[in-house]
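Biologist: Mind if I quiz you on the labels people hang on a model like this one?

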Amino acid sequence: MSIFDENTANAEKFLARFKANTTGHHINGQAYLPADSKTYVNVTPSDNSSLGNVVIGTAADVDHACEAAGKAFPAWRDMPGAERKKLLNHFADKIVERADEIALVESMDCGQPIRFMKQAAIRGAANFRFFADKAPEAQNGQALHQEEHTNYTIRSPIGPVGIITPWNTPFMLATWKIAPALASGCTIVHKPAELTPLTGMLLAEIARDAGIPDGVWNTINGFGEVAGKRLTEHPAIKAIALVGEGATGSHIMRQGAETLKRVHFELGGKNPVIVFDDADFDRALDAVVFMIYSLNGQRCTSSSRLLIQSGIKDKFLAALEKRVKNLKVGHPLDPDTEVGPLVHTEHFEKVMSYMDIAKEDGATVAAGGERRTDLGAGNYVAPTLFTHANNSMRIAQEEIFGPVLTAIPFDTEEQAIHIANDTIYGLSGYIWTNDSGRAMRMARHVEAGMLWVNSENNRNLPSPFGGVKMSGIGRDGGDYSFDFYMETKNVCIAHGTHKVPVLGR
């Protein structure tokens, strides 16, 4: 039996229960399926066949989950950080135990190649271990001394929080948000993306099996227009953390305004990778290919604009075109697949629409640009490279969110900075140069929340993660996450030596 056949057989085994039974909610430690619930069909992008029915959450369902989170909050908040550390590390162990199941289910649910999903569970477990180990110190603050007073700060969890996660790498991104929330002492109501609900339910099951107290972890399925809206409006929810698109972020800000909800948004990007003439050619080429065509181009930090300096433009683009045409497109469970199917037919059609837009704008489709009909009924698009483009084109300004790269030439450092910043987004950027002074100047002037120099996206858990402009609000990572999920209180203690003002004697 080939590895592909083995993966397929194991995936069918893990998916069988979802196909046979309606996927409901997880509320107060239990699976919950309201009577007479309406459902929708969840499909796999590999061939658009059914993976089973999923409940459409109602406002009443969301209220039930929020009430459970509210009731569980005091005990979870007051649990010593060392106890939360123990529970969350045990949770990470349970993730590792089910790593193969998580990878196979996620690969079929969202279309990401199994070669990348095999790491999803491990990265998710690492997220939980990192924040678990920080749980005992989450409440710590600062000591601030004055001549006659000493101030110190302490932090406390803000309360029940709503976590809304996207359909691209849904498992890992859910752990990235949920782990610090739980470590800080918050309870959660998680709403996974309706297009990829299955690993969200696996996470809820693992929470129960790991001994997370009832009501601390709640998961609601359904659509943003109803379930998501009610979650962002519910008075028990004190904060909303979203990974998604800008339009959703705007809706959430409006919906949460009446209850003054704290928000943290990681939104879209049109991230530049800037390659100078003096860059390490081969390493830069590898990074450019990896950072747009891995994960099907469906990641917020993908470098979808290549800014290439004129001196190496022709040589670099020729090598790049060859690499793009050589990418292996195929079934997500095939271990040789490098680019899998896009998550849903609607998203596939959106990505494909940019092939015509590019031509209308005057760009050249140097590679790809068509549907891979030879791969069956799935949402397969040939990895695409646009050349002869400029930054005013829609393909350079709009987030396509697929395996599509737009190459734009530049001559000078100043031009590169202007092109990089000429966008409404500012999530990440990548700079390739062997001139350390130039790298430092670029790092100061490129408008992005995160920059990598001579590297692809390399994750460091204590470092801040987030964007500027229309790419988001706030930062994840390390202590930055606790700043969002916790309130800071200042305590001022007098030394007994200062003069108290006197009135009315």
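Modeller: Go ahead, starting with the largest pocket: 37 residues line it, and Trp167, Glu194, Gly244, Glu245 and Thr248 lie nearest its centre. Ground rules: this is a predicted model, where local features need pLDDT of at least 70, side-chain atom pairs count only at pLDDT 80 or more, and totals for chains, interfaces and linings use all residues. Residues are numbered from 1 along each chain as its sequence is written, and side-chain values use heavy atoms, with hydrogens and water left out.

Biologist: What makes a set of points a pocket, and what makes a residue part of the lining?

Modeller: On a 1 Å grid over the protein atoms alone, a pocket is an open set of points where a 1.4 Å probe fits, with protein on both sides within 12 Å along at least five of seven lines; lining residues have an atom within 4 Å of a point. The volume here is about 1100 Å³, meaning the space filled by probe spheres set on the points, which are joined across faces, edges and corners.

Biologist: Which helix gives the most to that lining?

Modeller: H9, with six residues. Helices are DSSP runs (H or I, at least four residues), strands likewise (E, at least two), numbered from the N terminus. H9 spans 246-255, and helix H8 (224-233), strand S10 (239-243) and helix H12 (345-361) also supply at least two residues each.

Biologist: Why are H3 and H5 called roughly antiparallel?

Modeller: Their packing angle is about 170°, with the axes 8 Å apart. Axes are lines fitted to C-alpha atoms, for helices over the stretch in contact, and angles run from 0 to 180 degrees between N-to-C directions. Angles over 145 degrees count as roughly antiparallel (under 35 is roughly parallel, 65 to 115 roughly perpendicular, the rest oblique), so H3 and H5 earn the label.

Biologist: Which residues of H3 and H5 meet?

Modeller: Among them are Leu88, Phe91 and Ile95 in H3, and Ala121, Phe128 and Arg129 in H5. Contact means heavy atoms within 4.5 Å.

Biologist: What makes S14 and S18 edge strands?

Modeller: Each pairs on one side only. The open sheet runs S14-S15-S16-S13-S12-S17-S18, with mixed pairing.

Biologist: How do you know that S12 and S13 pair?

Modeller: Two strands pair if DSSP finds at least two bridges between them. S12 (residues 272-275) and S13 (residues 305-309) have four bridges, in the parallel sense, so by that criterion they pair. Val273 stands opposite Leu306 in S13.
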